[in-house]
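Biologist: Could you take one part of this model and go through it slowly with me, so that I can follow each step on the structure itself?

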Amino acid sequence: MDEGADNGFNHSQTKMSMTTKTPLSDIAKAFEELSGFLGSQTKDQKLRLDNFCEACSLVSVLFSCLGLAFKFAEMEYVAKVHDLVEASKTYTTLENVLDRDVANDTVKKPGSHSRNLRRVRQGLDLIRALFEEFMSTDDYYLKDAASTAYSQVCAPYHTWAVRTAVSAGMYTLPTREELLQKLNETDHTAEKKMRRYIEASRPVIAYIDKLYSSRKIALDW
């Protein structure tokens with residue numbers, strides 16, 4: 001195939017990835033809707049738990065694409081999101097969940113909805129950090145990018161045993177090309193959608209942090 005034909009193929013592939021519905025496009029759109037709501041909300045409007053869970057559920061596929069290195073994160077994240085989905089049948093907003101646990105003094109109790117919300121927030125932040133590292137380098141292997149993201153977001157709260165297991169698992173990560181193939185993206189289309197998620201997830205993460213800090217609950221756990 002000559003260079004012109006090859007360039008034409010790459011252009012078509014990029015165009016298709018930009019217009020085709022992919023996991024990344026779904027995730028970016030969902031969090032843009034959440035951040036858009038937070039940016040326009042009035043004092044009486046609160047973020048609905050079911051809408052939050054719907055967006056968070058879409059992120060699960062990203063953990064599964066990363067293989068064994070992030071299996072711990074996938075299992076924990078999926079379980080915590082499922083718990084919040086069940087909670088959304090009883091509680092309307094994120095604030096309702098936190099207020100109930102504050103009243104019962106169960107915010108940090110293992111299995112509580114507030115503790116699980118905290119862990120889901122951590123998962124969203126881990127993906128944000130991973131995307132930032134992914135875009136900061138053209139490395140064929142993802143080990144350094146994933147290790148840096150994990151060290152920033154999760155490592156401070158994990159035991160030595162978990163940190164050791166994660167470190168060993170980093171060698172099983174897919175390559176950059178393999179990850180893009182799993183997500184049905186090219187470098188160009190993935191970067192655009194990753195940037196959208198990064199920008200949209202920040203106010204959502206900040207909103208969750210404020211729910212805790214406004215109730216005088218420390219964030220270092």
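**A close look at helix 5**

Modeller: This is a predicted model, and a good place to begin is with the partners of helix 5, whose buried residues pack against helix 3 (49-65), helix 6 (113-135) and helix 10 (187-213). Helix 5 itself covers residues 94-104, and the residues buried there are L94, E95, V97, L98 and D101. These residues lie on the same side of helix 5, because they cover an arc of only 160° around the axis. A general rule helps in reading such a pattern: an α-helix has 3.6 residues a turn, so residues three or four places apart point the same way. If you then follow the chain past the end of helix 5, you come to D105, whose phi is positive, near 55°.

Two other buried places can be set beside this helix. S25 sits in helix 2 (residues 23-40), and with a relative accessible area of 13% it counts as buried, because the cut-off for that word is under 20%. The side chain of S25 reaches the backbone oxygen of T22 at 2.7 Å, and, leaving aside residues up to four places away in sequence, S25 touches T20, E185, K193 and R196. T175, by contrast, is found in a loop, the one between helix 8 (160-169) and helix 9 (176-183), yet T175 is buried too, with a relative accessible area of 8%. Again not counting residues up to four places away in sequence, T175 touches Y140, Y141 and L142.

How values were computed:
Residues numbered from 1 in each chain as written. Predicted model: local features only at pLDDT ≥ 70, side-chain atom pairs only at ≥ 80, totals over all residues. Heavy atoms only, no water. Buried < 20%, exposed > 50% of the residue type's maximum accessible area, 1.4 Å probe, protein only. Helix = DSSP H or I, 4+ residues; strand = E, 2+ residues; numbered from the N terminus. Arc of directions from axis to C-beta. Contact = heavy atoms within 4.5 Å. Polar contact = N/O pair within 3.5 Å; in protein donor to acceptor, adjacent residues only side chain to side chain.
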